[in-house]
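Please look over the protein shown here. A short report on its build follows it.

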Amino acid sequence: MLGKSARESGPHARLAAETGGWGDGILLDLGSTTATLATIANMANLSAVVHIGHPAQPTPELERLLLSGDRSLLLTQAVAVPSQWTWVGRTAEASGTAIVDEAGMRDCRHVLRAMGVSPHLVPTTTTLEERIALAGEHGTLVVERSAIPAGFQELPGSERLGQVPLIWYGLLQTHETLTRFDRPAQVWLAFGPRDDHRGSLQETLGVIAATGIDLQHLRSQRSQAGPHVFLTSFTCADSTVLESLLAEFAARGVEHRVLAVLAGQEFLPGPDALTPVWASAEVFAR
């Protein structure tokens, strides 16, 4: 059986399940993301389709929830699906406020802003009838193509929502032990030095570097168990490399947990890139 959080787009999650060969397209709504993770951990033979951001750059919210959830939870596969979002109105001239749910805002907010569309956010659980009522006679909707209501049509500019970058989903399952792999995989690894002191991160990063791993993602998060926990993502050649790193962590007393092992080495397109503007040579005025 497969599930998803109630906040996630059903059509996109079903497309991800179909693309990944994860199930028969029937998805159970499992409530909030926290409730979804707890349900997966407590029910045998139940997995979930979850939005992951990008394999090389996980969403911070998912990282936090995974690390604070049951230790058996593990993301095991990842797929990308094209945007199914579209912008519709009762007439071709409709241009009022766009009713959009949480998943739609997450995926389309930058494009909507560039289009000059004024969004009105509603919970994903809001029914189509309720959205139509909120939109009124001149309002518009941002919905999945398969959910366009009768009497509505795509508006000029709607095609730009189809240009939203591919949307990445992962398969969340429970595993008592890690499965060995002999091909490259993307690994999400959280760790916390036993003695969190000045320079402790440098020591731990040295251990990672010694295995030949090149971190693609590193984020610090406050921890109830100490000042810091660190969340990383990197490509790992095979399970032997990962086993060696985890064994060294254990020997040094570095707390750790693997959150994802996603088969594959290149996940294209890559995560969002930026063009940094660095400080000038003279930062302080004389």
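The report moves from the overall build to the cores, the aromatic rings, the largest pocket and two backbone details.

**Overall build**

This is a predicted model. The protein holds seven helices and 14 strands. Its C-alpha trace spans about 65 × 65 × 35 Å along the principal axes. Of the 286 residues, 44% are buried. Many contacts join distant stretches of the chain: among contacts with a separation of 6 or more, 76% are between residues 24 or more positions apart.

**The nonpolar cores**

The largest nonpolar core has 28 residues. Which of them touch the most other members? They are W22, V49, W87, V142 and L161. Several elements each supply at least two residues of this core: α1, β4, β5, β6, α4 and β10. Helix α4 (102–115) gives the most, with six residues.

Take W22 as a sample. Leaving out residues up to four places away in sequence, W22 touches L2, A16, A17, V49, Q77, A78, V79, Y169, G170 and L171. V49, on that list, is also one of the core members with the most partners.

There is a second, separate core of 22 residues. Its members include L30, L37, L75 and A260.

**Aromatic rings**

The structure holds three aromatic pairs. One of them joins W168 and F267. Their rings are edge-to-face, with 5.8 Å from centre to centre and 75° between the planes. W168 sits in strand β10, while F267 lies in the segment after β14. The two are 99 residues apart, so this pair links distant parts of the chain.

Are these two residues buried or exposed? Buried means under 20% relative accessible area. W168 has 6%, so it counts as buried. F267 has 10%, so it is buried too.

Ring pairs also link F191, F230 and F249 into a cluster.

**The largest pocket**

Rolling a probe the size of a water molecule over the atoms shows where empty space is left. The largest pocket has a volume of about 930 Å³. It is lined by 31 residues. Those closest to its centre are H51, G53, T59, R106 and D107.

Which elements supply at least two lining residues each? They are β3, α3, α4 and β10. Helix α4 brings the largest share, eight residues. So α4 is the top contributor to the largest core and to this lining.

The table sorts the lining by class.

| Class of lining residue | Number in the largest pocket |
|---|---|
| Nonpolar | 13 residues |
| Polar | nine residues |
| Charged | nine residues |

**Two backbone details**

Most residues other than glycine have a negative phi, and most peptide bonds are trans. Two places here depart from that pattern.

The peptide bond from L268 to P269 is cis, with omega near 0°. P269 is found in the segment after β14. F267 of the edge-to-face pair lies in that segment as well.

N45 has a positive phi of about 65°, although it is not a glycine. Where does N45 lie? It is in the loop between α2 (33–42) and β3. Is N45 buried or exposed? Its relative accessibility is 69%, and exposed means over 50%, so N45 counts as exposed.

Notes. Residues are numbered from 1 along each chain as its sequence is written. This is a predicted model: local features need pLDDT of at least 70, side-chain atom pairs count only at pLDDT 80 or more; totals for chains, interfaces and linings use all residues. Side-chain values use heavy atoms; hydrogens and water are left out. A nonpolar core is a set of buried Ala, Val, Leu, Ile, Met, Phe, Trp, Tyr and Cys residues joined through side-chain atoms within 4.5 Å. Buried means under 20% relative accessible area, exposed over 50%, partly exposed in between (1.4 Å probe, protein chains only). Helices (H or I, at least four residues) and strands (E, at least two) are DSSP runs, numbered from the N terminus. Contact means heavy atoms within 4.5 Å. Rings of Phe, Tyr and Trp (its six-membered ring) pair if their centres lie within 6.5 Å; planes under 30 degrees apart count as stacked, over 60 as edge-to-face and the rest as tilted. On a 1 Å grid over the protein atoms alone, a cavity is a set of points where a 1.4 Å probe fits but cannot get out, and a pocket is an open set with protein on both sides within 12 Å along at least five of seven lines; lining residues have an atom within 4 Å of a point. Grid points are joined across faces, edges and corners, and a volume is the space filled by probe spheres set on the points. Ala, Val, Leu, Ile, Met, Phe, Trp, Tyr, Cys and Pro count as nonpolar, Asp, Glu, Lys and Arg as charged, and the others, Gly among them, as polar.
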